[in-house]
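Student: Please take a close look at one single part for me, a spot of surface charge, and put it in the context of the whole chain. I'd like the cut-offs as you go.

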Amino acid sequence: MIKYYIDTEFLEGTQKKFPFGKTKPTIDLISLGLIDENNRVYYAVSKDFNLKEAWNRWQQRTGEGDRNNHDPRVYWIRDNVLYPIYVELFNRYIEEVRNMERLNVSCKVENVSVFSCKNFAWLIERYGKSNKQIANDVCAFILGDDCGGSGMSAIEMATRYEVSDKNLKPIFYGYFADYDWCVFAFLFGNMMSLPRDFPMYCRDLKQTLDETAEKMELKDF
């Protein structure tokens, strides 16, 4: 069985509901990263999450601002989640433009160098994937994409049939992974809809570390 390490970025909580009110609490996938014990990597940014909600989500700064008149609002998700993703996508776009220039292929170059909601939305539309695409990619990444000429997608094969090679069965690990695992399962609809060879739980490294520390303390005592 192959070990996979999972990490996600997500938008948690209620969201504004048009034309008024709020939705029930939910967890929106923003991005997903997987790496296996052989250092194969899968990474994707979702184009299905509520970007406007994530961009405008803020928390109250302790002390209602400070002596330097800093904004009393802290846009943690924008600054710590969206901005790094924007940088990665923007660099991908620049590399793509440079490759086209090296090949003497004419192209319209978009000015998306400023970190704004509009520019970020443009990059996500270009490089992001739907949650359905991500779910299919995950199945192909872990279980393979050989559908034997059946015409079925990787996710259809994974949810209908067990793999013949049991060595392909994954074990998932995460760090503080409760929400990571929930939003991962949401990709497939619900826990019962996970691919047949996927476990229904993720092994939390933080829990393992705490249990190990407790055992060491008892032994030392």
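Tutor: Long-range pairs first: residues 24 or more positions apart make up 62% of the chain's contacts with a separation of 6 or more, a contact being heavy atoms within 4.5 Å. This is a predicted model, where local features need pLDDT of at least 70, side-chain atom pairs count only at pLDDT 80 or more, and totals for chains, interfaces and linings use all residues. Numbering starts from 1 along each chain as its sequence is written, and side-chain values use heavy atoms, leaving out hydrogens and water.

The chain has 7 helices and 7 strands (DSSP runs numbered from the N terminus: H or I of at least four residues, E of at least two). Their order is β-β-β-α-β-β-α-α-α-α-β-α-β-α, and the C-alpha trace spans about 65 × 60 × 40 Å along its principal axes. Of the 221 residues, 36% are buried (under 20% relative accessible area; exposed is over 50%, partly exposed in between; 1.4 Å probe, protein chains only).

Now your spot: Lys16, Lys22, Lys52 and Arg73 form a positive surface patch (over 30% relative accessible area, no salt bridge, like charges joined within 9 Å; a salt bridge is a Lys or Arg side-chain nitrogen within 4 Å of an Asp or Glu carboxyl oxygen). Arg73 sits in strand β5, residues 73-74. Arg73 is partly exposed, because its relative accessible area is 37%.

Chain-wide, the mean positions of the 29 positive and 33 negative charges lie 5 Å apart (Lys and Arg against Asp and Glu, without His or chain ends, placed at NZ, CZ, CG and CD respectively).

How values were computed:
Patches are made of residues with over 30% relative accessible area and no salt bridge: like charges are joined within 9 Å, nonpolar side chains (Val, Leu, Ile, Met, Phe, Trp, Tyr) within 5 Å. Accessible areas come from the Shrake-Rupley method with a 1.4 Å probe; for residues, only the protein chains shown count as cover.
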